[in-house]
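Me: I am in my first year and would like a close look at one part of this chain, namely the way its helices pack against one another. Please take me through it slowly, and then show me what lies around it.

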Amino acid sequence: MIEIYEPVVHAIDKQPAVAKIRRKKCSYMKGCTVPKKFAVIGLLALTYWICPASAQQVDPHTLYEQNCAGCHTLHAGEFVYENLDLIDNTLVGKKTGRPVSAFLETGHGGLSPDEIKIMMDHLSSIRQSGRLFHEKCRICHVNAKELARLNLIIRDGILLGRYTGKDIAQFLLNHGRLDTKEAARMVDVLKRQLMTTPTTQN
Ligand code: HEC
Ligand code: HEC
C-alpha cells in the first residue's frame, strides 16, 4: 500500500514529481487526473478532493505546468509568445504552422478532451490579452497570475487590492501606462486569474 499511497500525498502537495503518474485519467470523472488504481482502491473522498468536480475548476496554469512545462517554457504566457502565432483566428505552432488543437488531439502532451478545451481557452486568452501584461507590467510584476493571486481579490464582482482595498479598475487608469481600453482589458485578465484559481471558489 505504501507505494500506492505516496503519490497521492504528493498530488496533494502538488509536487512536480507527480506529473508523470498523473497521466492516466479516471474514466468516470471528468477533468480528473488521478491514476485509476487510486480510485479503485476506494479513496473516493480523497480523489474527489484532488479531482475537480467540474472541468472549470481545473487550474489552467497547473495544467500547463504539469503537462507541458517539462519540455516547453516554464510558463504558458512565455510559451504563447515565443512559440505560437495567431493565424486566421487559429493558434498555430510557429515552427510547424500546425493548429495547436490538432497537436493536442493527437495525444501530444497527454491531455484528456476536457483538458484540451481548458488548455486551448487558456492559451487563446493569453494570446488575446494582447501581450499587454508582457509589455507593460512585467518589468515590475513577475506575471499576471502571481500579481492577481497574491494581491487581489474579487468582491461583489469588483476587482480590489487585497490589502489596499483599492478599486483596481480605477487604480489602473493611473498605473502602468495603460489607456482606458487597455485598463479595462487588464482588469479582465487579472480577474480571470482569480476565477481560475481552484481554491478561490465562492
Ligand atoms: C515530452 C516532451 C513534450 C511535452 C510533455 C509536450 N511537448 Fe509540445 N513539443 C515537444 C517537442 C519535442 C516539440 C517539437 C520541437 C519544437 O517545436 O520545439 C513540440 C512541439 C509542440 C508544438 C508545436 C510548436 C511549433 O512551433 O510548431 C506545440 C503547439 C506544442 N508542442 C504544444 C504542447 C502543449 C500545449 C503541451 C502540454 C499539453 C506539450 N506540447 C507537451 C515536446 C513536448
Ligand atoms: C515601474 C514599475 C511598475 C510597473 C511598470 C507596473 N507596476 Fe503595478 N505596482 C508597482 C508597485 C511598486 C506596486 C505596489 C505599490 C502601489 O500600490 O502603487 C504595484 C501595485 C500594483 C497592483 C496592486 C494594487 C493594490 O491595490 O494592491 C496592481 C493590480 C498592479 N500593480 C497592476 C499593474 C499592471 C496591470 C501593470 C501593467 C499594466 C503594472 N502594475 C505595471 C509597480 C509597477
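Reply: What follows looks at the helix packing and then moves outward to the ligands and a few loop residues.

The model is a predicted one, and its chain has eleven helices and four strands. Buried residues make up 24% of the 202 residues in the chain. Among the contacts with a separation of 6 or more, 49% are between residues 24 or more positions apart.

Before turning to the pairs, it helps to know that two packed helices are described by the angle between their axes and the distance between the axes.

Let us begin with helix 9, residues 144-151, and helix 11, residues 180-195. Their axes lie 9 Å apart and the angle between them is about 70°, which is a value in the range from 65 to 115 that counts as roughly perpendicular, and therefore helix 9 and helix 11 are described as roughly perpendicular to each other. The crossing of this pair is right-handed. On the side of helix 9 the residues that meet helix 11 are Ala 144, Lys 145, Leu 147, Ala 148 and Arg 149, and on the side of helix 11 they are Val 189, Leu 190, Gln 193 and Leu 194. Sorted by class, the contact of helix 9 with helix 11 has six nonpolar residues, one polar residue and two charged residues.

Lys 145 deserves a closer look within this contact. Lys 145 has its place in helix 9, and it counts as buried because 22 C-beta neighbours lie inside 10 Å, where 20 or more are needed. Once the neighbours within four places in sequence are left aside, Lys 145 is in contact with His 61 and Gln 193. The C-alpha atom of Lys 145 is separated by 7.3 Å from that of Leu 190, although these two residues are 45 residues apart along the chain.

A further place to study is helix 7, residues 113-128, whose axis comes within 9 Å of the axis of helix 5, residues 76-83, and crosses it at roughly 70°. Helix 5 and helix 7 are therefore roughly perpendicular to each other, and helix 5 passes helix 7 in a right-handed crossing. Here Ala 76, Gly 77 and Val 80 of helix 5 meet His 122, Leu 123, Ile 126 and Arg 127 of helix 7. The residues of this contact of helix 5 with helix 7 divide into four nonpolar, two polar and one charged.

Helix 7 also packs with helix 4, residues 60-67, at an angle of about 105° and with the axes 9 Å apart, so that helix 4 and helix 7 are likewise roughly perpendicular to each other. Pro 60, Leu 63 and Tyr 64 of helix 4 make this contact with Glu 115, Ile 118, Met 119 and His 122 of helix 7. By class, the contact of helix 4 with helix 7 divides into five nonpolar residues, one polar and one charged. His 122 of helix 7 takes part both in the contact with helix 5 and in the contact with helix 4.

Returning to helix 5, we find Glu 82 there, and this residue is exposed because 10 other C-beta atoms lie within 10 Å. The C-alpha atoms of Glu 82 and Gly 93 are separated by 9.6 Å, and the two residues are eleven residues apart along the chain.

Gly 93 leads on to ligand 1, for among the 18 residues that surround this ligand the closest are Cys 68, Cys 71, Gly 93, Lys 95 and Gly 109. Helix 6, residues 100-105, gives the largest share of this shell, three residues. The shell around ligand 1 holds seven nonpolar, eight polar and three charged residues.

Around ligand 2 there are 19 residues, of which Cys 137, Cys 140, Gly 161, Thr 164 and Gly 176 come nearest. Helix 9 is met again here, since helix 9 and helix 10, residues 168-171, each supply at least two residues of the shell. Eleven nonpolar, six polar and two charged residues form the shell around ligand 2.

Finally, two loop residues are worth a look, given that most residues other than glycine have a negative phi. Asp 156, in the loop between strand 3 and strand 4, has a positive phi of about 50°, and it counts as exposed because it has 5 C-beta neighbours inside 10 Å. Arg 177, in the loop between helix 10 and helix 11, has a positive phi of about 55°, and with 11 other C-beta atoms within 10 Å Arg 177 is exposed.

Terms used: Residues numbered from 1 in each chain as written. Chains lettered and ligands numbered in written order. Predicted model: local features only at pLDDT ≥ 70, side-chain atom pairs only at ≥ 80, totals over all residues. Near = placed C-beta within 6 Å. Nonpolar A, V, L, I, M, F, W, Y, C, P; charged D, E, K, R; others polar. Axes fitted to C-alpha atoms, helices over the stretch in contact; angles between N-to-C directions. Parallel < 35°, antiparallel > 145°, perpendicular 65-115°, else oblique. Left-handed = near helix turned anticlockwise from the far one by under 90°. Contact = placed C-beta atoms within 7 Å. Buried ≥ 20, exposed ≤ 12 C-beta atoms within 10 Å, placed from the backbone.
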